[in-house]
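Subject: Structure handover

Hello,

Please find the structure below. My notes on it follow.

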Amino acid sequence: MWSQLEPTGPHLSYLVLTSFLIMYALFSLMIRNRLHLSEPPLATIFGILVGPRGLSWLRPYEWGFQDPVIQEFTRIVVGVQCFAVGLELPNGYLKKKWKALVVLLGPVMAFGWLMGAMFIKLIFDTDFASALTISACLTPTDPVLAASVLSNSQFSTRVPRRIRDLLSAESGVNDGVSFPFLFFGLNILTKPSRRDIFNEWFLITVLYQCTFGIVLGLIIGHVFNKLYHISHKREMMGRASYLAFYLLLAIFSVGLASTIGVDDFLVAFFAGRGFAHGGNSPTADTRLPVVIDLMLNSALFVFFGAMIPWDSFDKLDSITPGRLLAVLALILVFRRIPIVFAFYKAKLLPTVRTTTEALFVGHFGPMGVGALFLAIEARAQLETDTSLPLPHPPSDLDPKRQRTITLIWPIVCFIVMGSTLFHGLSTLAISLGGHFSRKEGERAPLIGGEREGLHGMIFDEENEGADEEQGNEEDEEAEDRGYARSQ
């Protein structure tokens, strides 16, 4: 009988991952709307518990979950999420709010990049080019973590719609915009002269990867929007195909972009915008984004929790737990909040209307899956001057390259873990803080009772959208309860 047991890596992965997803699905409404928790921090904690440092049920590195697998898994997850953000933004949003987005994607990102590089350089005693490269991985706001908080939950309705849309749009675009930041540091490390550095950075990264990527994404989106509507009007497409089309087009965009060497995430985001052209997104009435969030994104965070390189946090180069905690705290405090607040005070962020909103926008800059992808991309470029990582770094590399390869993965993984837990649990902290800040007679029930807008934020025309979303959510709950009773 014992000979029949086959606890292989894939078999245990199916069992452990689905166990978490099934339990989360069973209690998802309570977890999201009553406890104000999202999937990523819970999935990460679960991954740590079942990983090599816990029960040892998931052992990704022993099962061949190396850099190439991590790179492609994160590429698909971030690309699909960027596509989803582009698809779900209001019609004409980029034209209306481009000034606020330029501020967040320009000076705010640049400030966070330079501040992170300064902290990394000082704390880990590395050269500035290496610090710029590592910090670039941590510059973008992660669309997966952002979506887990800014949509599909009761907490999201307590934040003004204009703030949610602004942060969603930023998270969808800035993973792609981070490529120029990343390759600036990489080119300093790998190119022999300033002329080569600038030519490679401007001609290849800025013009080809980013600018052409935007144009390509819009073309893909508009072409497939036309094809979709032609097929739909002639009733040539079944309901199942409606649901699949969303995911297939997102992966097609990422696949085409990666094949021709342009910015995957900009192509995916602008393909989503082009596909939603006209304000009548063909997939607006589907539930596929929720399914993707639950299955694809949560599975990745479980694996991330299981593959956190704990041994590297105290045994590599200048890395120590104290230094990692210090750089995490400094980046969380100084990466976004000061610069966002400064632009708010200078009245250069008209979408942000109050001090509380400025602090929320500054605080809410989670670092997640996109940072992991960029870290693998950076290692690959340093190892091979291509996007293809090696199982082990070559031993004949330049010392600066070698040290950057050594430092980048543990630093990025630790900060992603800290950001996932900190930003993912902050919704619970904000809700509890709002509860206890009120007089005892004015308090709503502690768990799930807070429904009005967050104190210090302005709700005007957004109230209708928030009320509509809350109504839809309550309709879904009522529908689910009615279905359960009928069974």
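**Salt bridges and surface**

Arg-336 is buried, at a relative accessible area of 5% (buried means under 20%, exposed over 50%, partly exposed in between, with a 1.4 Å probe and protein chains only). Its partner, Glu-170, is also buried, at 0% relative accessibility. The two side chains form a salt bridge with an N to O distance of 2.6 Å (a salt bridge is a side-chain nitrogen of Lys or Arg within 4 Å of a carboxyl oxygen of Asp or Glu). This pair links distant parts of the chain, 166 residues apart: Arg-336 lies in the loop between helix H15 (321–334) and helix H16 (337–345), and Glu-170 in helix H9 (residues 161–190). Helices are DSSP runs of H or I with at least four residues, numbered from the N terminus.

Before the rest, the conventions. This is a predicted model, in which local features need pLDDT of at least 70 and side-chain atom pairs count only at pLDDT 80 or more, while totals for chains, interfaces and linings use all residues. Residues are numbered from 1 along each chain as its sequence is written, and side-chain values use heavy atoms, leaving out hydrogens and water.

The salt-bridge count comes to eleven. Another of them joins Arg-401 and Asp-385, with the closest N and O atoms 3.5 Å apart. Those residues are 16 apart and also link distant parts of the chain, with Arg-401 in helix H19 (residues 399–436) and Asp-385 in the loop between helix H18 (369–384) and H19. Arg-401 is buried at 11%, whereas Asp-385 is partly exposed at 44%. Elsewhere, Glu-72, Arg-75 and Asp-264 are joined into one network by salt bridges that share partners. Within it, Arg-75 and Glu-72 have their closest N and O atoms 2.9 Å apart. Both lie in helix H4 (residues 67–88), three residues apart, about one turn of the helix. Arg-75 is buried at 7%, and Glu-72 is partly exposed at 36%.

On the surface, Tyr-208, Phe-212, Val-215, Ile-219, Val-223, Leu-227, Ile-230 and Ile-260 make a nonpolar patch of about 650 Å². Helix H10 (residues 194–233) gives the largest share, seven residues. One residue of H10 is Leu-227, which is partly exposed at 48%.

On confidence, the chain averages a pLDDT of 85, and 86% of the residues score at least 70 (pLDDT is the predictor's confidence in each residue, from 0 to 100). Over residues 462–487 pLDDT stays under 50. Where pLDDT is low, the predicted coordinates should not be read in detail.

Regards

Conventions:
Contact = heavy atoms within 4.5 Å. Patch = residues over 30% accessible without salt bridge, like charges linked within 9 Å, V, L, I, M, F, W, Y side chains within 5 Å. Areas by Shrake-Rupley, 256 points an atom, 1.4 Å probe, with all protein chains shown as cover. Helix = DSSP H or I, 4+ residues; strand = E, 2+ residues; numbered from the N terminus.
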